[in-house]
Amino acid sequence: IDRCKMKLFGPTGNDGLGFSITTRDNPAGGNAPIFVKSILPKGAAIIEGQLRGGDQIIEVRSEEHTSE
């Protein structure tokens, strides 16, 4: 799996971060990985242009979010 660390910056204002999330493959009693479900038409994600549907969220504010 290729991994790329990306920081999402940009104006959030009333449009927020501009993406929705989902989980997949939730192991019994374990942590489920978090993925970008879709990019919304407004918000920081569309302005930055790097985030894509299907990308896994690995870390948020220096807190790791993986199931590994």
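## A tour from Thr-23

Select Thr-23: this residue is found in strand 1. Strands here are DSSP runs of E, at least two residues long, and helices are DSSP runs of H or I, at least four residues long, both numbered from the N terminus. Before going further, note that this is a predicted model, where local features need pLDDT of at least 70, side-chain atom pairs count only at pLDDT 80 or more, and totals for chains, interfaces and linings use all residues. Residues are numbered from 1 along each chain as its sequence is written, and side-chain values use heavy atoms, with hydrogens and water left out.

**Stop 1: around Thr-23**

Keep Thr-23 selected and turn on its surface. Is Thr-23 buried or exposed? Neither label fits: Thr-23 counts as partly exposed, because its relative accessibility is 47%. Buried means under 20% relative accessible area, exposed means over 50%, and partly exposed lies in between, using a 1.4 Å probe and protein chains only.

Now show the neighbors. Leaving aside residues up to four places away in sequence, Thr-23 touches Ala-32, Pro-33 and Ile-34. A contact means heavy atoms within 4.5 Å. Draw a distance from Thr-23 to Ile-34: C-alpha to C-alpha, the two are 4.7 Å apart, with their positions 11 residues apart in sequence.

**Stop 2: the sheet**

Select residues 19-23, 34-39 and 56-57. These 3 strands form an open sheet in the order 1-2-3, and the pairing is antiparallel. Strand 1 (19-23) and strand 3 (56-57) are the edge strands, each pairing on one side only. Two strands pair if DSSP finds at least two bridges between them. In general, strands of a sheet pair through backbone hydrogen bonds, either parallel or antiparallel.

How many bridges join strand 1 and strand 2? The count is 5, in the antiparallel sense. Pick Thr-22: its bridge partner in strand 2 is Phe-35. Stay on Phe-35 and look across to strand 3, where Gln-56 stands opposite. Step to Ile-34, which stands opposite Ile-57 in strand 3. Strand 2 and strand 3 run antiparallel and are joined by 2 bridges.

**Stop 3: Glu-59**

Move on to residues 59-60. This is strand 4, and Glu-59 lies in it. Glu-59 is partly exposed, because its relative accessible area is 38%. Draw a second distance back to Ile-34: the C-alpha atoms are separated by 9.8 Å, with the residues 25 apart along the chain.

**Stop 4: the helix**

Select helix 1, residues 44-48, and find Ala-45 there. Ala-45 counts as buried, because its relative accessibility is 1%. Add Gly-16 to the selection. Ala-45 and Gly-16 are 29 residues apart in sequence and 8.9 Å apart in space, C-alpha to C-alpha.

**Stop 5: the whole chain**

Zoom out. The protein has 1 helix and 5 strands, following the pattern β-β-α-β-β-β along the sequence. Buried residues make up 15% of its 68 residues. Of the contacts with a separation of 6 or more, 38% come from residues 24 or more positions apart. The accessible surface comes to about 5400 Å², and 48% of it belongs to carbon and sulfur atoms. Areas come from the Shrake-Rupley method with a 1.4 Å probe; for residues, only the protein chains shown count as cover.

**Last stop: confidence**

Color by pLDDT, the predictor's confidence in each residue, from 0 to 100. The protein's mean is 76, and 63% of its residues reach 70 or more. Where is confidence lowest, and where is it highest? Strand 5 (residues 63-64) is lowest, at a mean of 58, and strand 2 is highest, at 91. Where pLDDT is low, the predicted coordinates should not be read in detail.
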